[in-house]
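Please open the model in your viewer and keep a selection tool at hand. The tour below goes from one selection to the next and says what is found at each stop.

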Amino acid sequence: MTTEKPVPEAVTIQVSSSLHPVKVEAKGRTAPDKTVTVKAGTTGTVISTPVAEGTFVKKGTLLCGLDVESRAARLKEAEANRDAARVDYEAAAQLAEKGLGPKNRVTATQASLDAAEAAVNAARVELSKTQIRAPFDGIFETRLAEAGDFLSPGQACGELVDMSPVIVAVQVSEEHAGKLTTGMDALVRLAGGNEYPAKLRYVSRTANDSTRTFRVEAAMDAGEAPVPAGVTAELLIPIGEVEATRISPGLLTLSDSGEMGLRYIQADNTVGFAPVTIIDESPQGAWVTGLPETAQLISLGQDYLAEGVKVKPVPKGGAQP
């Protein structure tokens with residue numbers, strides 16, 4: 001007499017899908033909005049460095065002062081020549097108006113006055129170059145010249161950084177880059193756990209030749225928090241919602257072909273396998289796509305139950321996915 005083999009039991013957990021936000025996640029670093037090396041525009045010896053490194057400065061603040069040498073004297077000489085040219089012009093204009101002088105004399109003195117004005121402006125510009133000032137509000141990060149140094153045009157006084165706003169720069173895959181646009185809301189999570197809202201301000205449309213990734217920048221809204229540049233940061237960008245199911249990562253298994261997924265009970269009480277994709281992870285579990293809207297997942301012994309095998313589902317009392 002033939003005895004039927006007993007149907008194996010399978011402990012199951014009931015799960016259901018729901019809408020879950022999809023996020024692009026990428027790691028990068030914080031950076032200043034802009035960094036400028038402030039340089040000398042003329043030659044001279046540094047005679048003053050009034051700003052300490054790390055100090056916040058307003059636009060126009062003196063960072064390095066150069067010896068004016070003969071530039072101030074040249075400006076006074078140019079102003080004197082301009083004043084003399086003006087006297088000559090006014091005298092010529094008055095004589096011509098009374099018919100006592102030729103009109104071409106007025107034209108000549110006018111040209112001399114214009115040349116003298118130009119010389120004054122040039123002397124003022126040259127004198128102003130001895131005052132190397134901040135081109136924008138920012139932090140005087142590094143002094144590169146000390147009192148007594150001789151600077152030539154193009155040599156550096158110091159480095160100025162603008163930390164308002166702080167920027168987070170990351171690289172994203174080509175799969176996700178096409179879904180991102182400037183102005184999208186994002187969240188920045190620093191290595192210490194602090195989180196700040198942000199907005200995308202730049203999305204590259206040209207891939208990096210070696211990595212095939214795209215550069216994305218987001219401007220953080222850090223408020224008054226002193227967020228430094230160069231620290232590790234994670235950028236999270238919501239791009240929509242999909243139907244997904246929250247499961248315990250311990251339920252994940254591999255098919256015979258090596259595909260990651262979950263074993264579940266089909267309508268005829270046979271074992272089925274659903275390939276899944278993890279779209280999010282949290283302390284409460286992993287969110288996956290690829291399962292039916294509701295499913296009975298096999299929670300114990302799934303690695304020993306082959307697809308198509310008939311089983312007896314036994315709900316796991318009080319279990320949570």
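Two strands are taken as paired if DSSP finds at least two bridges between them. The coordinates come from a predicted model, and every stop below should be read with that in mind.

**The open sheet.** Begin by selecting β6, β5, β3 and β8, which in that order make up an open sheet of 4 strands with antiparallel pairing. The edges are held by β6 (131–133) and β8 (150–151), and because each of these has a single partner strand, one side of each is left without a neighbour in the sheet. Now restrict the view to β6 and to strand β5, residues 62–66, where 3 bridges connect the two in the antiparallel sense. To locate one of the positions that face each other, display G65 together with its bridge partner in β6, Q131.

**Strand β9 and its partners.** Next, select residues 156–162, which form strand β9; this strand is mostly covered, since 5 of its 7 residues are buried. Add strand β2 (residues 34–39), which runs antiparallel to β9 and is joined to it by 6 bridges, and look there for V36, which stands opposite L160 of β9. Then add strand β7 (residues 138–143), likewise antiparallel to β9 and joined to it by 4 bridges, where I139 has V161 as its bridge partner.

**A charge over a ring.** With K34 displayed, bring in F136 as well: the charged end of K34 sits over the ring of F136, at 4.7 Å from the ring centre. If you go on to look for aromatic pairs, with ring centres within 6.5 Å as the cut-off, the count is 0.

**Helix α1.** Move on to residues 71–97, the 27 residues of helix α1, whose end C-alpha atoms lie 39 Å apart, in agreement with the 39 Å that the helix should span at 1.5 Å a residue. Colour R71, L75, A78, R82, A85, A92 and A96, which are the buried residues of α1, and then show α2 (103–128), against which the buried residues of α1 pack. An α-helix has 3.6 residues a turn, so residues three or four places apart point the same way. Just after α1, stop at G99, which takes a positive phi of about 80°.

**Salt bridges.** How many salt bridges does the model contain? The count comes to 15 salt bridges, and three of them are worth displaying one by one. On α1, R82 forms a salt bridge with D83, with 3.3 Å between the closest N and O atoms; R82 counts as buried at 14% relative accessibility, whereas D83 is partly exposed at 35%. Next, select R189 and E195, whose side chains meet in a salt bridge of 2.8 Å, N to O; R189 has a relative accessible area of 29% and is partly exposed, and E195 is partly exposed too, at 41%.

Finish with R201 and E217, a salt bridge in which the closest N and O atoms are 3.1 Å apart. This pair links distant parts of the chain, with R201 in strand β12 (residues 195–203) and E217 in strand β13 (residues 214–220), 16 residues apart. R201 is partly exposed at 37% relative accessibility, while E217, at 13%, is buried. Widen the selection to D33, K34, D162, R201, R215 and E217, and you will have a network of linked salt bridges on screen.

Definitions and conventions. Residues numbered from 1 in each chain as written. Predicted model: local features only at pLDDT ≥ 70, side-chain atom pairs only at ≥ 80, totals over all residues. Heavy atoms only, no water. Phe/Tyr/Trp six-rings, centres within 6.5 Å; stacked < 30°, edge-to-face > 60°. Lys NZ or Arg CZ within 6 Å of the ring centre and 35° of its normal. Salt bridge = Lys/Arg side-chain N within 4 Å of Asp/Glu carboxyl O. Buried < 20%, exposed > 50% of the residue type's maximum accessible area, 1.4 Å probe, protein only. Expected span 1.5 Å × (residues − 1). Contact = heavy atoms within 4.5 Å.
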